Amino acid sequence: MLKILKSSVSAAILSGILMGGGLAAEVKSIAILTPEEGTDFGWNQQGIDAAKAAGKAAGVEVVVAQGLGYGDVRPTLRELASDGASLLIAHASGYNTSAPEIAKELKVPVAIVDTPNGLEKDLVADYTLSGHQGAYLAGRLAAKMSRSKSVGIVVSGEPPSWNSQSAAFAQGVKAENPDVKITYAVIGPAAYSDAAGGKRVTESVIASGADIIFGQGNGSSFGMLQAVETTKAADGGKVYFIDVIGDKSPIDKGFLLSSVVWNIEPVYAAMIADLKADAFGTKHYTIGLQDDSVKLLKTAAIPDNVWTEIQALREDVISGKIKVDPVYDAAAVRALMTSVAQ
């Protein structure tokens with residue numbers, strides 16, 4: 001069900017630009033559109049929370065349109081634009097066609113994901129973010145802690161952000177211990193909200209021998225976590241889960257090993273600033289370890305000595321001693337795996 005919520009802030013309204021002209025205009029509000037509810041401890045929740053935080057800091061109203069699904073969001077985009085939104089954040093790869101169309105039709109700036117080549121000054125900005133640095137550390141962690149020397153990657157699709165993290169995780173595993181088996185499985189081409197599929201596929205990867213699962217899935221990640229909670233490893237012991245983007249600690253039953261946590265607030269703050277500076281749609285946005293916009297979650301399941309080793313590796317990545325380049329191509333990702341589940 002569609003929910004549109006408004007968060008009003010009483011601070012001074014930002015001054016900005018008038019799209020297509022040289023006159024100054026106020027940035028009165030921003031809107032974020034998400035396919036699922038902002039309660040997933042992941043992509044949707046982190047995006048909504050970040051937009052609210054960036055709006056509060058900037059003194060602008062924030063409108064949240066959540067639970068939109070993955071279909072046609074043009075009517076909602078038009079509605080939000082007609083309500084006066086100065087920026088429409090289309091927070092789903094499935095929106096990266098319709099949002100630019102609306103931007104051109106109504107001359108309202110939009111932000112999209114998974115379209116790095118889609119920049120258009122004053123109209124379209126892309127924020128294809130990559131947590132690959134954190135995923136590399138997660139791979140090192142998994143290889144250190146796997147009892148069976150077998151880990152799994154389960155994804156709900158193969159968008160660029162998932163691919164870069166899958167590749168980096170595999171690279172981290174191999175750097176730590178090249179003998180660790182990596183099984184890779186895709187739930188479906190766009191199975192982001194398929195919790196049942198997440199559970200089924202994760203169970204199959206565990207059956208292949210994995211005792212640590214690196215899961216990327218939005219709503220489907222709840223199915224992955226359920227599989228980990230209810231399925232024993234081959235040695236009869238616990239299977240652990242490494243999540244992405246958010247922090248599922250509030251619902252953890254003792255199976256969450258870590259998460260590659262993203263903080264998207266600086267990205268949205270930069271977008272608002274770029275609107276003011278007449279620079280919107282001219283640059284790409286990044287997140288990384290250096291400013292903690294990407295970080296690995298510390299849980300009680302990680303021994304202190306292992307965490308100390310991971311933190312040392314973090315410093316090596318930040319300094320450039322360890323170089324982790326993003327890999328966005330799905331075929332290149334699959335080539336890094338020991339096996340690809342069908």
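Contact here means heavy atoms within 4.5 Å. With that in hand, welcome to a quick tour of this predicted model. We start with a pair of helices, move on to an open sheet of seven strands, and finish with two loop residues whose phi is positive, Phe41 and Asp114.

**The annotated span**

- An unreviewed UniProt entry carries the annotation "domain: ABC transporter substrate-binding protein PnrA-like", which covers residues 28–324.
- Within residues 28–324, helix makes up 39% and strand 18%. The end C-alpha atoms of this span are 39 Å apart.

**Helices α4 and α5**

- Two packed helices are described by the angle between their axes and the distance between the axes.
- For helix α4 (residues 132–145) and helix α5 (residues 160–176), the axes come within 7 Å and cross at roughly 40 degrees.
- Angles under 35 degrees count as roughly parallel and those from 65 to 115 as roughly perpendicular, so α4 and α5 are oblique to each other.
- The crossing of α4 with α5 is right-handed.
- On the α4 side, the contact is made by His132, Ala135, Tyr136, Ala138, Gly139, Arg140, Ala142, Ala143 and Lys144. Their counterparts in α5 are Ser164, Gln165, Ala168, Phe169, Gln171, Gly172, Val173, Ala175 and Glu176.
- Sorted by class, this contact of α4 with α5 has nine nonpolar, six polar and three charged residues.

**The seven-stranded sheet**

- The sheet is open, its pairing is mixed, and its strands follow the order β14-β13-β12-β11-β9-β10-β15.
- At the edges stand β14 (294–296) and β15 (339–340). Each has a single partner strand, so one side of each is left without a neighbour in the sheet.
- Strand β12 (residues 240–245) pairs with strand β13 (residues 256–262) in the parallel sense, over five bridges.
- If you would like one bridge to look up, Val244 has Val260 in β13 as its partner.

**Helices on the sheet**

- Helix α4 also lies across β9 (150–155), β11 (212–216), β12, β13 and β14, and runs at about 170 degrees to β13.
- Helix α6 (residues 195–207) packs on the sheet too, where it touches β9, β10 (181–186) and β11. The direction of α6 makes about 165 degrees with that of β9.

**Backbone points to check**

- Most residues other than glycine have a negative phi.
- Phe41 has a positive phi, near 55 degrees, and sits in the loop between β4 (29–33) and α1 (43–58).
- Asp114, also not a glycine, has a positive phi of about 60 degrees. Asp114 belongs to the loop between β7 (110–112) and β8 (124–126).

Methods: Residues numbered from 1 in each chain as written. Predicted model: local features only at pLDDT ≥ 70, side-chain atom pairs only at ≥ 80, totals over all residues. Heavy atoms only, no water. Axes fitted to C-alpha atoms, helices over the stretch in contact; angles between N-to-C directions. Helix = DSSP H or I, 4+ residues; strand = E, 2+ residues; numbered from the N terminus. Parallel < 35°, antiparallel > 145°, perpendicular 65-115°, else oblique. Left-handed = near helix turned anticlockwise from the far one by under 90°. Nonpolar A, V, L, I, M, F, W, Y, C, P; charged D, E, K, R; others polar. UniProt positions renumbered as here; feature names shortened; annotations may be inferred. Pairing = 2+ DSSP bridges.
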